[in-house]
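This report describes a predicted model, with attention to its aromatic rings and to one proline. A pair of aromatic rings is described by the distance of the centres and the angle of the planes.

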Amino acid sequence: MPTKLIMRWNVRPETESEYFEFLVHEFIPGMNRLGITDFQVWYTAYGECEQKLASGTTPSREHMNDALQNDEWGKLHSKLQNYVESFSQKVIPATRGFQI
């Protein structure tokens, strides 16, 4: 069954430009190399929740588990923490449409 990784975070104001460069040039390509595809990042314009919601999918839960246990994921996750706060993640069965 397809599986989705959902992540939420707030960008640290003092790292906005560095964060964007990292996201575009390292994080998203790294996620694709891990096999996490259809990667999307959403900005929250209104409401009481994290500023960013990001998601990506894999063909199966096993594939997602392998990706999240990979050293490259560890490096990407660690580097992302330099630019964000209030990070959370969850893995759920992927369905059509927007999931939170």
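## Aromatic pairs and a helix proline

Phe22 and Phe27 are both buried in this predicted model. The rings of Phe27 and Phe39 are edge-to-face, because their planes stand at 70°, which is over the 60 degrees required, while their centres are 5.8 Å apart. This pair joins distant parts of the chain, since Phe27 belongs to helix H1 (residues 16-33) and Phe39 to strand E2 (residues 37-43), with their positions 12 residues apart.

The count of aromatic pairs comes to 7. One of them is formed by Phe22 and Phe27, a tilted pair with 5.8 Å centre to centre and 50° between the planes. Through ring pairs, Trp9, Tyr19, Phe22, Phe27, Phe39, Trp73, Tyr83 and Phe87 are linked into a cluster.

The table gives the relative accessibility of three residues, with the class that follows from each value.

| Residue | Relative accessibility | Class |
|---|---|---|
| Phe27 | 0% | buried |
| Phe39 | 16% | buried |
| Pro29 | 27% | partly exposed |

Phe39 counts as buried because its 16% lies under the 20% limit, whereas Pro29, at 27%, counts as partly exposed.

Pro29 is located in helix H1. When neighbours within four places in sequence are left aside, Pro29 is in contact with Leu23 and Val24. The C-alpha atom of Pro29 is separated by 23 Å from that of Ile100, a residue 71 residues apart from Pro29 along the chain.

Note on methods. Residues are numbered from 1 along each chain as its sequence is written. This is a predicted model: local features need pLDDT of at least 70, side-chain atom pairs count only at pLDDT 80 or more; totals for chains, interfaces and linings use all residues. Side-chain values use heavy atoms; hydrogens and water are left out. Rings of Phe, Tyr and Trp (its six-membered ring) pair if their centres lie within 6.5 Å; planes under 30 degrees apart count as stacked, over 60 as edge-to-face and the rest as tilted. Buried means under 20% relative accessible area, exposed over 50%, partly exposed in between (1.4 Å probe, protein chains only). Helices (H or I, at least four residues) and strands (E, at least two) are DSSP runs, numbered from the N terminus. Contact means heavy atoms within 4.5 Å.
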